[in-house]
Structures are given as C-alpha cells and as structure tokens.
Amino acid sequence: MEILIYTYIIFLGLIFGSFFNVLRIRIPRKETILGRSHCTKCDRQLNGFELIPVFGYLFLKGKCSNCKSRISPIYPIIELITAILFVFSFVILRENMVEYILMVLFISFMMIITVSDIHYKLVPFNILLVFLPFIFVLRILSPIDAWYDGILGALFGFIFLFALAFYGKKRFGKDALGGGDIKLYIIVGLVLGYQLVFLSLFFASFIALIYTFIFKNKNDYIPFVPFIFAGSLITYFYGNAIIELYVGFLF
C-alpha cells in the first residue's frame with residue numbers, strides 16, 4: 001500500500017510539473033493554456049509518447065523530432081523537482097492532510113513563478129491572484145499557531161520588502177527588489193507566518209549571495225525568486241529547529 005501511495009504521488013508530481021512547464025511558457029506569452037503541447041520552434045504537435053514527463057525528453061534525446069532544435073533540460077528538471085518535493089512534503093506532513101495540500105499548492109505556485117522569473121524576468125500577478133484565496137483558506141483551516149499568524153506573516157513580509165525596496169531606490173537610485181518579489185512575499189508570509197517570514201528572507205539572501213559569489217558577476221541579472229523558493233522551503237521544514245538550536249547555543 002505504501003508503495004502505491006508513493007508511486008501515485010510521484011506520478012502526480014511529474015504530471016503537475018509537466019503542466020507547470022506549459023504554464024510558464026504560455027502565460028507570459030499570453031497564450032491559451034488549452035490545446036496540445038507543441039514545439040516552440042516549428043509548432044509541431046507532440047504525440048502521446050512524447051508528452052510523457054521525463055521519459056518523453058529522454059526518448060527525443062533532448063531534440064525536436066521534426067526541426068531538431070534543442071529542447072531545454074529545464075522541462076524534465078521541473079518535472080523531477082516537483083515530484084521530489086511532493087513526496088518529501090508527504091513524508092513530513094502525512095499526518096495533516098490539510099497542511100499537505102497547502103504545501104502542494106505552495107510548491108506548485110512557486111515552481112511556476114520560479115521558472116517564469118528565470119526565463120522572462122517576470123512574476124505574473126495573475127498567478128498570485130489565482131493561488132492566494134486557496135492558500136489563505138487552507139492556512140486558516142490549518143493555522144501555524146493562531147489563525148491570524150499567517151495573515152500577520154503576509155502583512156509583515158510585504159511591508160518589510162516594500163520598505164526595503166523604497167529605501168534602496170532612495171539610497172542607490174535604482175530598484176533593489178522587483179515589484180513581483182515584494183508581492184510574492186504576501187503568499188510566502190501567509191504560508192510561513194510572521195515568526196518565520198524574515199528567516200526565509202535571510203536564507204534566500206544568503207543562498208543568493210553564495211550563488212553570486214560562485215557563478216555570477218555583478219553586472220548579470222540574477223532572478224531572486226528561485227532563492228526565495230529555496231529559502232522558504234528550508235524555513236518551512238527546518239526553521240523552528242534552526243531557531244531553537246540558535247537560541248540554545250546562545251543561552
């Protein structure tokens with residue numbers, strides 16, 4: 001039975017990941033999300049076997065069978081990461097299915113926004129509006145501590161980043177944060193609550209700093225959403241333990 005459950009979740013994660021790939025391509029281009037997937041170069045529609053998550057990419061050897069243009073490895077990567085995160089979340093949260101559904105929605109939301117930010121430097125506000133009411137209701141049904149904890153987290157996260165961006169604009173004469181990143185923290189704060197929302201920003205900034213030091217120079221554009229996603233996951237699953245460890249070390 002356990003094997004069947006995990007197999008189903010992996011399969012679901014791969015399917016969702018494949019759908020996220022469709023959304024991240026079509027929404028920024030303002031294309032309909034309906035209709036069969038096709039090659040973005042020659043518009044040839046993919047057949048049923050080619051649509052199988054991960055395996056379709058391997059079968060095609062990373063190239064369109066018609067025009068031979070290269071298919072980005074981001075497709076199977078998104079599918080695999082989604083499946084892994086769905087399974088990992090289930091292992092941790094299986095005793096609280098409301099919280100698990102909340103986490104599935106949050107992961108789904110962040111995957112779409114992450115890939116959109118990487119490819120188009122865009123955080124689609126309409127995606128945030130779609131996910132926000134569902135995540136809000138689930139957070140109320142499964143509160144972190146008190147029912148208002150998530151609401152305060154959303155407010156604190158948004159206000160803090162807005163103030164930070166405002167100061168950066170005044171101090172350095174250019175945008176320190178994108179408007180999409182600021183709005184994104186409404187949902188991040190809602191999921192994490194006010195006690196953890198700032199810790200997620202610390203982890204996001206720390207990971208971004210390491211990445212910048214190793215891979216990028218200061219003139220390159222660095223999408224911040226992937227680091228927010230990573231920082232939020234670390235904080236959600238391990239934030240309280242990290243805080244307790246830190247406090248114990250000090251006192």
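Is Arg 139 buried or exposed, and what is its relative accessible area? In this predicted model, Arg 139 is buried, because its relative accessible area is 2%, which lies under the 20% that marks a buried residue. The side chain of Arg 139 nevertheless has a charged partner, for it meets the side chain of Glu 99 in a salt bridge, with 3.0 Å from N to O. Glu 99 belongs to helix H4 and Arg 139 to helix H5 (residues 125–141), so this pair ties together parts that are 40 residues apart in sequence. Glu 99 is also buried, since its relative accessible area is 8%.

The setting for this pair is a protein with 9 helices and 0 strands, whose elements, followed from the N terminus, run α-α-α-α-α-α-α-α-α. Of the 251 residues in the protein, 41% are buried. When contacts are counted between residues at least 6 apart in sequence, 66% of them join residues that are at least 24 apart. The protein exposes about 14500 Å², and carbon and sulfur atoms supply 70% of that area.

A search of the whole structure finds 2 salt bridges. Side chains of opposite charge can pair when their charged atoms come close. Besides the pair described above, a salt bridge is formed by Glu 2 and Arg 94, whose closest N and O atoms are 3.0 Å apart. This pair links distant parts of the chain, as Glu 2 lies in helix H1 (residues 2–26) and Arg 94 in the loop between helix H3 (74–93) and helix H4 (97–120), 92 residues apart. Glu 2 counts as partly exposed because its relative accessibility is 39%, and Arg 94 is likewise partly exposed, with a relative accessible area of 29%.

Helix H1 also contributes Phe 20, which counts as buried because its relative accessibility is 3%. Leaving aside residues up to four places away in sequence, Phe 20 touches Ile 78, Thr 82, Ser 108, Met 111 and Ile 112. Phe 20 and Thr 82 stand 62 residues apart along the chain, yet their C-alpha atoms are separated by 9.3 Å. Thr 82 is itself one of the buried residues of H3, a list that also includes Ile 78, Glu 79, Leu 85, Phe 86 and Phe 90. The 20 residues of H3 should span 28 Å at 1.5 Å a residue, and the end C-alpha atoms of the helix are 28 Å apart, so expectation and model agree.

Aromatic side chains form a further set of contacts, with 15 aromatic pairs in the structure. In one of them, the ring centres of Tyr 211 and Phe 227 are 5.4 Å apart and the ring planes are at 55 degrees, so the pair is tilted. Tyr 211 in helix H8 and Phe 227 in helix H9 (residues 225–250) are 16 residues apart, and their pairing links distant parts of the chain. The two partners differ in their cover: Tyr 211 counts as partly exposed at 30% relative accessibility, whereas Phe 227 is buried, with a relative accessible area of 9%. Elsewhere, Tyr 6, Phe 90 and Tyr 100 form one aromatic cluster.

Helix H8 (residues 197–215) has 19 residues, which at 1.5 Å a residue should span 27 Å, and this agrees with the 27 Å between its end C-alpha atoms. Its buried residues are Val 197, Leu 199, Ser 200, Leu 201, Phe 203, Ala 204 and Ala 208. An α-helix has 3.6 residues a turn, so residues three or four places apart point the same way. Within H8, Ser 200 is buried, as its relative accessible area is 0%. Not counting residues up to four places away in sequence, Ser 200 touches Tyr 185, Val 188, Leu 192, Gly 231, Ser 232 and Thr 235.

On the surface, a nonpolar patch of about 910 Å² is made by Leu 155, Phe 156, Phe 158, Ile 159, Phe 160, Phe 162, Leu 164, Phe 166, Tyr 194 and Phe 198. Helix H6 (residues 149–172) supplies the largest share of this patch, with 8 residues. Leu 155, one of the patch residues, lies in helix H6 and counts as partly exposed because its relative accessibility is 45%.

Terms used. Residues are numbered from 1 along each chain as its sequence is written. This is a predicted model: local features need pLDDT of at least 70, side-chain atom pairs count only at pLDDT 80 or more; totals for chains, interfaces and linings use all residues. Side-chain values use heavy atoms; hydrogens and water are left out. Patches are made of residues with over 30% relative accessible area and no salt bridge: like charges are joined within 9 Å, nonpolar side chains (Val, Leu, Ile, Met, Phe, Trp, Tyr) within 5 Å. Accessible areas come from the Shrake-Rupley method with a 1.4 Å probe; for residues, only the protein chains shown count as cover. A salt bridge is a side-chain nitrogen of Lys or Arg within 4 Å of a carboxyl oxygen of Asp or Glu. Helices (H or I, at least four residues) and strands (E, at least two) are DSSP runs, numbered from the N terminus. Buried means under 20% relative accessible area, exposed over 50%, partly exposed in between (1.4 Å probe, protein chains only). The expected span of a helix is 1.5 Å times one less than its number of residues. Contact means heavy atoms within 4.5 Å. Rings of Phe, Tyr and Trp (its six-membered ring) pair if their centres lie within 6.5 Å; planes under 30 degrees apart count as stacked, over 60 as edge-to-face and the rest as tilted.
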